[in-house]
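Please set out how the helices of this model are arranged and what lines its largest pocket. The sequence and structure come first, and the report follows.

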Amino acid sequence: MAAFTVRLPDETVAKLDHLAEKVDRSRSYVAAQAIEDFVAREEWQLAEIETGLSEADRGEFASEKELADVIAKYVKPARGR
């Protein structure tokens, strides 16, 4: 396992210490967990973007109906006035 130094603003360190105390873990543990979570999320997001770009390069796009179905799941229809 590697170790390295990270410089953070004092306010961030105070928040980190507060969180570490609340979860009964060390500052180092909480910081390492945060970095691991960030790296995993970024790797996932970049992989999804690359997949989408590859699909677009192959001309694989959603149909108008597929797009409308997805939007309808998240947007409620406007009510008449």
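In sorting residues by character, Ala, Val, Leu, Ile, Met, Phe, Trp, Tyr, Cys and Pro count as nonpolar, Asp, Glu, Lys and Arg count as charged, and the others, Gly among them, count as polar. The model described here is predicted, and the lining of its largest pocket divides on that scheme into 15 nonpolar, 2 polar and 2 charged residues.

The largest pocket holds about 660 Å³ of space. Its lining is made up of 19 residues, of which Val-6, Ser-28, Ala-31, Ala-32 and Ile-35 are the closest to the centre of the pocket. Two elements, α1 (10–22) and α2 (27–57), each give two or more residues to this lining, and the largest share, 9 residues, comes from α2.

The two helices can be compared with the span expected from their residue counts, as follows.

| Helix | Residues | Expected span | Distance between end C-alpha atoms |
|---|---|---|---|
| α1 | 13 residues | 18 Å | 18 Å |
| α2 | 31 residues | 45 Å | 45 Å |

At 1.5 Å a residue, the expected span of α1 agrees with the distance between its end C-alpha atoms, and the corresponding values for α2 agree as well. Each helix is followed by a residue with positive phi: Asp-24 follows α1, with phi near 55°, while Gly-59 follows α2, with phi near 80°.

How do two packed helices come to be described? The angle between their axes and the distance between the axes serve for this purpose. In this model the axes of α1 and α2 come within 8 Å and cross at roughly 105°. Because angles of 65 to 115 degrees count as roughly perpendicular, α1 is roughly perpendicular to α2.

Where the helices are in contact, Val-13, Leu-16, Asp-17 and Ala-20 of α1 meet Arg-27, Val-30 and Ala-31 of α2. The residues of this contact divide into 5 nonpolar, no polar and 2 charged. Ala-31, which takes part in the contact from α2, is also one of the residues closest to the centre of the largest pocket.

Notes. Residues are numbered from 1 along each chain as its sequence is written. This is a predicted model: local features need pLDDT of at least 70, side-chain atom pairs count only at pLDDT 80 or more; totals for chains, interfaces and linings use all residues. Side-chain values use heavy atoms; hydrogens and water are left out. On a 1 Å grid over the protein atoms alone, a cavity is a set of points where a 1.4 Å probe fits but cannot get out, and a pocket is an open set with protein on both sides within 12 Å along at least five of seven lines; lining residues have an atom within 4 Å of a point. Grid points are joined across faces, edges and corners, and a volume is the space filled by probe spheres set on the points. Helices (H or I, at least four residues) and strands (E, at least two) are DSSP runs, numbered from the N terminus. The expected span of a helix is 1.5 Å times one less than its number of residues. Axes are lines fitted to C-alpha atoms, for helices over the stretch in contact, and angles run from 0 to 180 degrees between N-to-C directions. Angles under 35 degrees count as roughly parallel, over 145 as roughly antiparallel, 65 to 115 as roughly perpendicular and the rest as oblique. Contact means heavy atoms within 4.5 Å.
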